[in-house]
Amino acid sequence: MRFTTLKTAGTVAALALTLAATVSFAKADTQLLNVSYDPTRELYKAINEAFAADWKTKTGEVVTINQSHGGSGKQARAVIDGLKADVVTLALAGDIDTIASKAKLLPQDWAKRLPNNSTPFSSTIVFLVKKGNPKGIKDWGDLATEGTQVITPNPKTSGGARWNFLGAWAWANKSFGGDEAKTKSYIAALYKNVPVLDTGARGSTTTFAQRGIGDVLISWESNAWLALDEFGADKFEIVYPSISINAETPVAVIDVNVKANNTEKQAKAYLDYLFTAPAQKIAAHLHYRPSDPAAADPADLAKLPKFDLVSIDKDFGGWSKAQQKFFAEGAIFDQLYKATN
Amino acid sequence: MPRTDPIGESRLIQWVLIGISLTFLAFIVFLPLTLVFVEALRKGFGVYLAALKDAETWAALRLTLTVAAISVPLNALFGICAAWSVTKHNFAGKNLLLSLIDLPFSVSPVISGLIYVLLFGAQGWFGPWLRSHHVEIIFAVPGIVLATTFVTFPFVARELIPLMQAQGTEEEEASLSLGASGLHTFWHVTLPNIKWALLYGVLLCNARAMGEFGAVSVVSGHVRGLTNTLPLQIEILYNEYNFTAAFAVATLLASLALVTLVLKTILEWRYADQLAASHKH
Amino acid sequence: MSVAVHIRNIEKRFREQSVLHNISLTVEGGELLALLGPSGSGKTTLLRTIAGLEFQDGGDVFFGDINARQLTLRERRIGFVFQHYALFRHMTVEDNIAFGLRARPRSQRPSEHDIRSRVFELLQLVQLDGLEKRYPAQLSGGQRQRVALARALGIEPRVLLLDEPFGALDAKIRKDLRQWLRELHQRTGHTTVFVTHDQEEAFELADRVAILNGGRIEQVGTPTQIRQRPENTFVADFLGQTATEATPIAQILPMKRKPQ
């Protein structure tokens, strides 16, 4: 009796696994998986369609690009744990570096393989405030004023939040003439004004725009414009500070995975396509800063004003240094955030 | 105050208690549930339908039903096996098995998901072996099935064990002594005696399997149209400012839950006699 | 008369505790034998061992010449009546009684027509005709007892084993059923072994009585032999007691009503 039951159990389990396997392998012609960070959903939805059409006319092959979105750090972790990404398009180079160093899925010098440090488009960090700017927020300094509630996600989990932090740091560093103690006390005052640290940029935006918490959201420029589109320009407005950071969001092919999936050709073509005029135009239209502005619609470019932007490489010595100095366990962010709470 | 019933509470206290319960239910259960439907239909029925027709939402619904269709029967089977061995046999390690059955209830679902990442992830114990044999578990359907099965394992077993304990083994012994085989005994004696409890456990298990978020979120990989279940799809839609669609999909889940509830009520009402009889010894 | 059941040197332990110690006993064909003893004496364990529901640690059970070790539970063909009847609660009386026949492998199974006529014979035998569509929960204790008996007889058993057949019934019904069982036995002639802690029941009903104590057989004999020549002090003491500690309350209560 017990034997028979076991046998039945075995049969059912085998059937179940077969069914599961069938579902997971029921795929179209060629599929690519683009593992991306949180706010790029609309961007890649548009670009993927354009690329698929372009690839079809060029080669006759049907290619489908699947998307996975999440906090940049979390997504890098998933790729390390085995998420079969053909390409990654993350919020910062540091996260791709981690995939290269921890899981050896691509070479350390991946950034050199594509133009412009493998960055087809970038963004920057701006402020989103309520219509009419009732708190009169003009620049980074206003965020540290007592009684102003600031919404920004947690730099430990969100790539955007790390850019936010560095933007604030860059302003303070410039304003206080490089005085690190003053810079630190400014940052501490700013984070004292943060009532809740969400895990990702999208979470923060919903907290601010949907739940109406906080006076100002520190946000990706693209994300702020999208919020205006979604919630209406009569509810919010964007404030450009005097200085911010050039938030480079790089892309890379995951060599080991494309080899296993036999998608090397398509994955490379996909990333190359991001640098072409049609893709650049789409990106500019969705409020990303194109690496080739000539390809963009001037009306879209006009929305993205030129202002003083610092660089992660030139002003902070690259991501590995910045990570070490600011965001590692017990580094500056931890010290300042712990001191204020 | 006049005593009105044998239990001895005054009518006033009765009414207060009933009032508190109903108010609590109204605020904690009924109000949010209504809100889901109101939000979903706020922009009209056409928008609601359009939101449900989205290809990724359909894929999520299909995946959710597929996962439930695999993990619920598995858990029904394993639940019966576990309840059978715990209640009808004596063996070393029985208490250990009993505690293990409860484990998924006491472990946070996120941890349950992480366990599978640690086991089957690329950096995990079986990662290299799985990769060299081209078997995908984590960030694919098998991982989602595993995590869901783990989280919902106790429902059937928990429902069956007390009943089977109360029923004892005499009927099975009678059947065997009358010459029936083990399998015949199981089909004709054990199963009919536990079928209502089993069905009830399966319903609960199914409700949880379709609604599970935490564990599935960890192992899903969030690939749109491929590895997102309904709860994950709701989160995605919500984070895309697509509130109407998010709530529309939520009404799907809520409706599935309501169907479960109605089925359960019908079962209890329809088979109240048999339930009572099978609980009697 | 032929030997129906022969028990040789049975040993049985639960964990470290010895519950049956070197038990040997012979049951003649057609005999009605009582296993009598206080609670914990091992009588039910012995009965279950004969049935194959427990397995002995040592010794053998023979049915005629066949060692029971070679037989499956089905091949033993034991009609076992449980103390609490163990009727299948989700089946009608008819389905309960037909269970053993329907559970047979296809090649040995009688036709559905034959099964039904056999069931109705048995219902008449236990005087329950007309109740075949009832469920066990709708029957009185005595009726359930008789269904259990009919179900056990349904498989044409070589031996009928009854575990405290009247234990769960009140005194009046016990007496009636006892009488009825005696008559039934005389009519059908089944070799029958039953367990009881009630000596009045054992002596009134059985052809022979085996008295057990602490996992051993103290004495085997006809009621007259045992009454007149108890072989040891335990048997003498046990017979001297009128109501042992194991007497069910159901039996004491009606007695109380009698004027002393």
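Author: A polar contact is a pair of N or O atoms within 3.5 Å; within protein, one atom must be able to donate a hydrogen and the other to accept it. The structure above is a predicted model.

Reader: How many residue pairs are in polar contact across the interface of chain B and chain C?

Author: The rule finds five such pairs across the interface of chain B and chain C, both residues being at pLDDT 80 or more. Two salt bridges are also found across this interface. In one of them, Glu171(B) pairs with Arg89(C), and the closest N and O atoms are 2.7 Å apart.

Reader: Which helix supplies the largest share of the side of chain B that touches chain C?

Author: That helix is α9(B), with seven residues. Helices α9 (170-177), α10 (182-211) and α14 (272-279) of chain B each supply at least two residues of this side. By character, the residues of the side divide into seven nonpolar, 10 polar and four charged.

Reader: What is the area buried between chain B and chain C?

Author: The buried area is about 1900 Å², of which carbon and sulfur atoms give 58%. In terms of residues, 21 of chain B are in contact with 21 of chain C.

Reader: Why is helix α3(B) described as largely enclosed by the rest of the structure?

Author: Buried means under 20% relative accessible area. Of the 34 residues of α3(B), 25 are buried, so the helix is largely enclosed.

Reader: What span should helix α3 of chain B have, and how far apart are its end C-alpha atoms?

Author: At 1.5 Å a residue, the 34 residues of α3 (residues 55-88) should span 50 Å; the end C-alpha atoms are 48 Å apart, which agrees. At the start of α3(B), a side-chain oxygen of Asp54(B) reaches to within 3.2 Å of the backbone nitrogen of Glu56(B).

Definitions and conventions. Residues are numbered from 1 along each chain as its sequence is written. Chains are lettered from A and ligands numbered from 1 in the order in which they are written. This is a predicted model: local features need pLDDT of at least 70, side-chain atom pairs count only at pLDDT 80 or more; totals for chains, interfaces and linings use all residues. Side-chain values use heavy atoms; hydrogens and water are left out. Contact means heavy atoms within 4.5 Å. Buried area is the accessible area (1.4 Å probe) that two parts lose on being put together, summed over both. A salt bridge is a side-chain nitrogen of Lys or Arg within 4 Å of a carboxyl oxygen of Asp or Glu. Helices (H or I, at least four residues) and strands (E, at least two) are DSSP runs, numbered from the N terminus. Ala, Val, Leu, Ile, Met, Phe, Trp, Tyr, Cys and Pro count as nonpolar, Asp, Glu, Lys and Arg as charged, and the others, Gly among them, as polar. The expected span of a helix is 1.5 Å times one less than its number of residues. Buried means under 20% relative accessible area, exposed over 50%, partly exposed in between (1.4 Å probe, protein chains only).
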